[in-house]
Amino acid sequence: MKISRRGFLGAAGTGTLGGIVSLFGVPKNVKAAEIPEIKTVQTTESTTICPFCGVGCGLIVSAREGKVINIEGDPDHPINEGTLCSKGMAIFQLAVNERRLNKVKYRAPGSSEWEEKSWDWALTEIAKRVKKTRDATFVAKEDDGKIVNRTNGIACLGGAALDNEECYLYSKFARSLGVTYLEHQARI
Amino acid sequence: MTNHWIDIINTDVAMVMGSNIVENHPIASKWLTRAKERGAIIINCDPRYTRTSSFADIYCKFRSGTDIAFVNGIINYALENDFINKDYVLDYTNASFLISEKYSFNDGLFSGYNNDTRAYDKTFWAYELDGSGLPKKDLSLQHPRCVFQLMKKHFKRYDIDTVCQITGAPKDIYEKVCRTYTSTWAKNRVATWLYAMGTTQHTHGTQNIRSYSILQLLLGNVGLAGGGINALRGESNVQGSTDMGLLFHLLPGYLASPTKADQTLEDYKKNNTPKTNDPKSANWWGNYPKYITSLLKAWYGNNATPDNDFGFNYIPKRSADYSHISLFETMYSGKIKGLFLFGQNPAVGGPNTNKERKALDKLEWMVAVDIFETDTSVFWKRPGVNPADNQTEVFLLPACSSIEKEGSVSNSGRWVQWRYKAVEPIGESRSDLWILDALHKAVKKEYAKDGVYREPILNLNWNYGNGAEIDFHKEPDVHFVAREINGGFVQSKEVMILKDLKSFKKGDQAPSFATLQDDGSTSCGSWIYCGSYPGHTPEKNNMARRKKKDAVNNIGLYPEWSWAWPVNRRIIYNRASVDLTGKPLDLKRWVIRWNETTLKWEGDVPDGPWPPNDKYPFIMKPDGHAWLFAPNLNDGPLPEHYEPLESPVENYLSSQQVNPAVKLWYKINPEGNPVGDVTKYPIIGTTYRVSEHWQAGAMTRNIPWLAELVPDVFVELGYELANQKNIKNGDLVVVETARGSMDAFALVTRRFQPFHLNGKIVHEVGIVWHFGYSGLARGDSANLLTSHIGDANTMIPEYKAFLCDVHRKEGGAA
Amino acid sequence: MKALLIDSTRCIGCRACQVACKEWNELNAEETTFFSGKGYQNPPDLSPSTWTLITYNEVEVNNRFDWVFGKMQCFHCNVPACASACPVSALEKTEAGPVIYHASICLGCRYCQLACPFKVPRFEWNKIIPEITKCTMCADRINAGMEPACAKVCSTDAIVFGERDELIAEAEDRIRKNPTFYIHHIYGKEEAGGTCVMHISNVPFNEIGFDTNIPMDPIVSKSSHAMKPIPYVLTGLGLVLGGVSWVVNRKKELEKETKSGMEG
């Protein structure tokens, strides 16, 4: 059972309030009884790799009851040995950030606002757009009779922030549609 | 990177040119610091004095866009003073190869140039072959047409005075750079070259890297610990995303994406598989047919059969350039109707973003997947645009963050590292893996009844353990995907590996790409990842390994920490680190060595198991040698200095002002692509990042702690220019090019100094490019200034050098 | 006694330490503008939510231009003036080294701010129950056997954590080995009677934001000097004490309210 921080501090506080009499005295070099327990006690730890640059630093995420408590460098990681840069050190605010997207949003043509939508709705609607565009723009053969089997009506961008397994599925998915306008950050 | 981050500790001289390593890869500073403690010299060459310059021992300024002149001068210095590693050059490079009589170079042009197509006929630069089809060689390096002599002639024009007139580098410091760097020609000294987008983002970016590579090869620095050519990748998985083929011209594993010339799988194999008549050449790309066939099996499974060419024609074929600039030019013309965006923000990061934002207006629909609202996903309500006028439908799908999912990422040193899920995705956000899985399933369902050429969709091999239906609560099993990428046997098969016959059963995971087959018996999603997950259980997931034990050579390889492609090799081209008997060139920091007793290699995983000198070391080249002279590039076999598209000076060396092989978008599509003139825009502009933000800012500009550190966009300029323009530190100023203008705060600093170029004084300013109109920290985008022009080989945009003007904004005092 | 040694010649100005401090201590980001500080420096100064800060200094060293980074934070004096000035011992020098602060007993009198020769403690003017704020040297982490967040995150070991005497020996060694490079002074070894945050540098300390006029004796022994402004306050002692008791009572009341609210 954890001691509540407030109760803990309160109890010690009463004791030292007597110090008021030694108004300008030299403080006693006492061992502080009030130093709070570190916030990472009783957390589960898991390792991760920084999502920013290509150095690939290791981090430890401490979580309690499904909530992120702390994220700092993994001292066992041979590259960063527990150290980080300002961005890597700020990942806690990627995890806990009220600006994060947590709902599917849709913007209708001409609208000035987002509407919240369900995944089911969005996926079905997107699939309809994909089919309509693909079917309308698909070129099986060029004028010279050569097979090309592609659509130039759909483009795909991005991937440098995804995991390998995600990139792989993205590559596979895009090619299954016949997309050749497939590019990402490596080009720019 | 040929090497990896920790290996920086092993160097004697580190050249940081074309990167700002301390600011943009800060943890590399740990290893640079340790190299320094060992006595290494750090050189930094940059137009601006950065946090890297502050860290370096030698700082040499030079003008943006003149890297080739700068480095060609160092090459000339090495050649003139004979500061080269002769054995290495002779044994391991194509220095002794004879080149066709048709090769010549005159006034900035190589032979074979066609003015109308702006392209070279590369046969003019081919090797001269002997009767058996092998390149003729002159091992004395004296033949006037051998690569070495052609190089001497080519680089002679880059003497120190000429280089300083072109680049604006101070002569005394430049000489010191030449002296220090070329000191590593000695066998017991080694230098590393650390570059990034400062190198690649030019109309001659590929040739910038070529000049570094040539120098490194002449000095014998490739393949060794503390050496190499090291591209510092800027995103956590831009290495992996490239490895997985997210570019128009590549399939996973650097296999070419099919072109119209590849009407059948046979055509494709023939067009892409290099051949050699030299038994000593490993010619690794000779295995092309195995890798493409295994990829087709991974993608189309049982639907890939010899009868249907393993589904080869399911993959779209290209017949043009579909690179980023071309993509946005086409979008601007209205031909692209729909766009998927997974974590990319071109409204900030794309060149000439005024035009790219307008191109987005032409879309019928956009699907943006991200963890925050990005500038691109809200392009329809960007400043100056009335949403009512924009007809694009936008679907914004919430992705979860990297700590809310499991999977692997590949760092710049090719280490493929596993990440674990720490907490559940917030709200209704999902992993990109789930989103991609759901998108495929939704599209497949849409095509169940009818549709155009449905086979590639319906026959796609897609089963990741979470059922055929979309289920919000069922993630695809990322281990299934990882194992598909690694590959395995779809039929039982006996495979000869070196002299051993090995049996594999149907369903076995492949231990390495040496076991992959071209008969359809193996499947592999990305052959270079074969070996990353050679079993069926998570214990066999090599990417998740965390053993912190060094290899016998004790040079920081950590071979049991994660896994590196290819085949866990930590330093590639390592067969060039030994002499012809297998003895390390550098005994202190040896990478591999041949054990005469066991008849095996020790240390790192060698570039192939063959005994020393059985095969040439550069196994990915059909001739087995590193190419000092590269007859395959679009803009010449040797690097030549050209000015950026927009430059304040005329080319000092030739009448070819700009790389003659680049595509001139301003001529093809003049609308929205104006080019600035020095009379109106006399100042050089460049763009860069700061340590505290990342790329187009979607993540970091939404992090309050980082927004606090760098809250606004700023332009850095020197005191002389600031005085001329009556600009004070902190003023709000306007930076303007032919394409657009932006507001920024002026930071007047001694870290930018004017350049003296052949009697002319030229100023340069630099702008951070992270900013945009969305997010917590907002500001104008520097890419409003940049243009649609790219490198002649890679089509990477020329972000790093353009012409601009700067003036105080009316009423803009801070 | 534990201490930090900060070597500006190794600092790359990446500011991971600034963020690490905020992350561990759960400090809010400040709203800044680019020119809140000079150049890259941001926020402009230490504050209730910024306990450490990197300064960016364009300087001339041996006729060579350089860009040098300094680090500001509490010095954790061996004999802290702030603690000696505190009427209620809300500030306390611990055996481990950190000078820590007990918010629960602070009167809010701000004597510590006036006493500190390095001008470090900050007062939360905008809060109902204002506290004095400053770097704690991550006393909680030290207590748990960890190093302070800023030292741990530092990739180039510009900030190192260890026993104070060992760090002094290390600093002396670095200067001895590179005598033409370093300034021959360990800032904090003797300043204010010695501190637990010490700096070495290759540029004069006043050029990277340090006060080089700090007395070498503990400030407390000269309390009359250090406390010069205090008599102004003390002249109205009754009034002050009245104010003090009001603050204490008010704090207790508020605490009760919050508590019951939370429990409810």
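Here are some numbered notes on strands, burial and salt bridges in this predicted model.

1. Chain C at a glance. DSSP gives chain C nine helices and nine strands. Of its 264 residues, 58% count as buried. The exposed surface of chain C comes to about 10,900 Å², with carbon and sulfur atoms supplying 54% of that area.

2. Contacts in chain C. Take the contacts with a sequence separation of 6 or more: 58% of them are between residues 24 or more positions apart.

3. The three-stranded sheet in chain C. Have a look at the open sheet with strand order 8-1-9, where the pairing is mixed. Strand 8 (159-163) and strand 9 (197-200) of chain C are the edge strands; each has a single partner strand, so one side of each has no neighbour in the sheet. From one strand to the next, the twist averages 25 degrees.

4. Strands 1 and 8 of chain C. Strand 1 (residues 2-7) pairs with strand 8 in the antiparallel sense, and five bridges hold that pairing. If you want a residue pair to centre the view on, Ala3(C) sits opposite Gly162(C) of strand 8.

5. Strand 2 of chain B. How many of the five residues of strand 2 (residues 41-45) of chain B are buried? Four are, so this strand is largely enclosed by the rest of the structure. Strand 2 of chain B runs parallel to strand 1 (residues 13-17), joined to it by five bridges, and also runs parallel to strand 3 (residues 58-60), here with three bridges. On the strand 1 pairing, Met15(B) has Ile43(B) as its bridge partner; on the strand 3 pairing, Asn44(B) stands opposite Tyr59(B).

6. A salt bridge between chains. Over all chains the structure holds 68 salt bridges. One of them is between Lys405(B) and Glu166(A), with the closest N and O atoms 3.0 Å apart. Lys405(B) is in the loop between strand 14 (393-398) and strand 15 (407-410) of chain B, while Glu166(A) belongs to helix 5 (residues 164-177) of chain A, so this pair joins two chains. Are the two residues buried or exposed? Lys405(B) and Glu166(A) are both buried.

7. Arg739(B) and Glu646(B). These two side chains meet in a salt bridge at 2.6 Å, N to O. Arg739(B) comes from the loop between strand 26 (732-736) and strand 27 (741-748) of chain B, and Glu646(B) from the loop between strand 23 (600-603) and helix 20 (665-668), so the salt bridge ties together parts that are 93 residues apart in sequence. Both Arg739(B) and Glu646(B) are buried.

8. Arg751(B) and Glu716(B). Here the closest N and O atoms of the salt bridge are 2.3 Å apart. Arg751(B) lies in the loop between strand 27 and strand 28 (755-757) of chain B, with Glu716(B) in strand 25 (residues 714-717), so the parts tied together are 35 residues apart in sequence. This is another buried pair: Arg751(B) is buried, and so is Glu716(B).

9. A salt-bridge network. Which residues are joined into one network by salt bridges that share partners? They are Glu125(A), Lys128(A), Arg129(A) and Glu393(B).

Note on methods
Residues are numbered from 1 along each chain as its sequence is written. Chains are lettered from A and ligands numbered from 1 in the order in which they are written. This is a predicted model: local features need pLDDT of at least 70, side-chain atom pairs count only at pLDDT 80 or more; totals for chains, interfaces and linings use all residues. Side-chain values use heavy atoms; hydrogens and water are left out. Two strands pair if DSSP finds at least two bridges between them. Axes are lines fitted to C-alpha atoms, for helices over the stretch in contact, and angles run from 0 to 180 degrees between N-to-C directions. Buried means under 20% relative accessible area, exposed over 50%, partly exposed in between (1.4 Å probe, protein chains only). Contact means heavy atoms within 4.5 Å. Accessible areas come from the Shrake-Rupley method with a 1.4 Å probe; for residues, only the protein chains shown count as cover. A salt bridge is a side-chain nitrogen of Lys or Arg within 4 Å of a carboxyl oxygen of Asp or Glu.
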